[in-house]
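Biologist: I'd like some practice at reading a model feature by feature. Could you walk me through one?

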Amino acid sequence: MAKKHVLVTGGAGFIGSHLVDDLLGRGFEVTVLDALLPQVHADGELDEHGWPTYLNPAARRIKGNLLDDGVFEAALDGVTHLAHLAASVGVGQSMTNIVDYTRNNVMTSAIMLEVLSKCPHTVERIAVASSMSIYGEGEYRDADGKRVAASLRTREQLQDKAWELENAGGALEPIPTSETKLLEPASIYAVNKRDHEEMFLAVGRALDIPTVALRLFNAYGSRQALSNPYTGVAAIFISRLLNDQPPLVFEDGEQKRDFVHVGDVANAFATVLESDKRVWDVFNVGSGNAITVNEIARTLARLLHKNIAPNVLEEYRIGDIRHCFADISKLRQVFDIAPPRDFEGGMQELIDWVRVAKKPVDKTEASLSELRSSKLVV
Ligand SMILES: NC(=O)c1ccc[n+]([C@@H]2O[C@H](COP(=O)([O-])OP(=O)(O)OC[C@H]3O[C@@H](n4cnc5c(N)ncnc54)[C@H](O)[C@@H]3O)[C@@H](O)[C@H]2O)c1
């Protein structure tokens, strides 16, 4: 039987590069297609051709943009499996650069799917990177124990700094969010991610190519872009702390998130691609554990031996949700995925990597001013 050959779009990025390592370890042939966007790669260690030095040398490399004519089609030569991770990933930035985001996150999907429908190819399985951001608010339980798909908080409520959600019956309690939760994307990035997920599932079904969309929660780990102010709260906090600056925390810092180690994300993608289950479906990829933003800031300060408390801004970012953490039972049941790694061990590993990585440039303040002047932080 011919070797399975995976095309990883965005394979030079944070998650993509870990997926490349995992797939090569499982015996797949791997091709990386990446545009090497400057916002992601400008501050990293690059080789003479502009590729990040961390990228596994055993993978074939194509520098190209999915938006450019013929690039995707040419990259499909001999490919049996497609992992689509290329995207623009800044939630805040997506609210001002709407055309660019929609072009890069949705038009790319249209181009890829049209190639898959019209041109000869050998793709037999697809996995795409979706995001928890498409849920909007996470899932909640009301005072009677009934599951509630809560609406986004109103501007008036946020102006009153009434951060928690409630309904007529009183306060709502956050519970793990399952894939059945009503989708209520609150940013252009999230709308793009929902659209691309649905486009791939619809066309994958029509072409009879099993297709899975993995809804990733907050991934962290080595190779995360440390200077990119739009992504990755853990990396941003480490970057602040290493510059002896307090992490900047929106609202009161008690909002809950789900941090998943990048190795667990790569494992989820590789397991889904390796499986021969014929499914067209969506799956959460998280740790299943809720942690507050304050706890993350404090844990990182402790692990970095910095006596720096977070700066709690009591301001909110338009489009931010209050709580969202994953119910990961579906992925575990269908694909028998290994349990996620432990948070502190994972964060320590991230810090060890940051210590030897290129010193990050802290761009948080500049990004905050930009969001304030666009009235996206109030
Ligand atoms: N990092 C997270 O926590 C997280 C959470 C939810 C979803 N996701 C999704 O996972 C995927 C990977 O995210 P990441 O954090 O590794 O991002 P990243 O920015 O590190 O990597 C994305 C890569 O895609 C490339 N790229 C972007 N547009 C391209 C195009 N048009 N053509 C070719 N290459 C292009 C970039 O150069 C970059 O190397 C994205 O689809 C993102 O939406 C990530």
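**Reading the backbone, the ligand shell and the core**

Modeller: Let's start with Lys-161, which counts as partly exposed because its relative accessibility is 43%. Keep in mind that this is a predicted model.

Biologist: Where does Lys-161 sit, and what is its phi?

Modeller: The general idea comes first: most residues other than glycine have a negative phi. Lys-161 isn't a glycine, yet its phi is positive, about 55°. You'll find Lys-161 in the loop between α6 (155-159) and β8 (166-167).

Biologist: Which other residue should I look at for a positive phi?

Modeller: Try Glu-251, a residue other than glycine with a phi near 50°. Glu-251 is in a loop as well, the one between β13 (248-249) and β14 (256-257).

Biologist: Is Glu-251 buried or exposed?

Modeller: Buried means under 20% relative accessible area. Glu-251 has 1%, so it counts as buried.

Biologist: And how should I read Asn-56, buried or exposed?

Modeller: Use that cut-off again: Asn-56 is buried because its relative accessible area is 19%, and the limit is 20%. Asn-56 belongs to the loop between α2 and β3 (60-63). Its side chain makes a polar contact with the side chain of Asp-21, at 3.0 Å. Leaving out residues up to four places away in sequence, Asn-56 touches Val-20, Asp-21, Leu-24 and Arg-61.

Biologist: On to the ligand. How many residues surround it, and which are the closest?

Modeller: The shell has 29 residues, with Asp-34, His-41, Asn-104, Tyr-189 and Lys-193 the closest. By type, the shell splits into 17 nonpolar, 10 polar and two charged residues.

Biologist: Which polar atoms should I check around the ligand?

Modeller: Look at the N and O pairs. In the side chain of Tyr-189, an N or O atom is 2.6 Å from a ligand oxygen. Asn-104 has a polar side-chain atom 2.7 Å from a ligand nitrogen. Gly-13 uses its backbone instead, with an N or O atom 3.3 Å from an oxygen of the ligand.

Biologist: How much of the ligand does the protein bury?

Modeller: On its own the ligand exposes 840 Å², and the protein buries 93% of that. Elements giving two or more residues to the shell are α1 (14-25), α2 (38-41), α5 (98-118), β5 (125-131), α7 and β12 (218-220). The most comes from β5, with three residues.

Biologist: Lys-193 came up among the closest residues. What does its backbone oxygen lie 3.0 Å from?

Modeller: A polar atom of the His-196 side chain. His-196 is in helix α7 (residues 188-206) and, with a relative accessible area of 2%, is buried. Beyond residues up to four places away in sequence, His-196 touches His-84, Asn-105, Ser-109, Val-128, Ala-129 and Ser-130.

Biologist: Last feature: how do I read a nonpolar core?

Modeller: In soluble globular proteins, nonpolar side chains tend to be buried together. Here the largest nonpolar core has 39 residues; Val-8, Leu-19, Leu-23, Val-30, Leu-214, Phe-269 and Leu-331 have the most contacts inside it. Several elements each supply at least two of its residues, including β1 (5-9), β2 (29-34), β11 (211-216) and α11 (329-335). The most comes from α9, with eight residues.

Biologist: Which residues is Phe-269 in contact with?

Modeller: Setting aside neighbours within four places in sequence, Phe-269 contacts Leu-19, Leu-85, Ala-127, Val-128, Ala-129, Leu-214 and Leu-216.

Conventions: Residues numbered from 1 in each chain as written. Predicted model: local features only at pLDDT ≥ 70, side-chain atom pairs only at ≥ 80, totals over all residues. Heavy atoms only, no water. Helix = DSSP H or I, 4+ residues; strand = E, 2+ residues; numbered from the N terminus. Buried < 20%, exposed > 50% of the residue type's maximum accessible area, 1.4 Å probe, protein only. Polar contact = N/O pair within 3.5 Å; in protein donor to acceptor, adjacent residues only side chain to side chain. Contact = heavy atoms within 4.5 Å. Near = heavy atom within 4 Å. Areas by Shrake-Rupley, 256 points an atom, 1.4 Å probe, with all protein chains shown as cover. Nonpolar A, V, L, I, M, F, W, Y, C, P; charged D, E, K, R; others polar. Core = buried A, V, L, I, M, F, W, Y, C linked by side-chain atoms within 4.5 Å.
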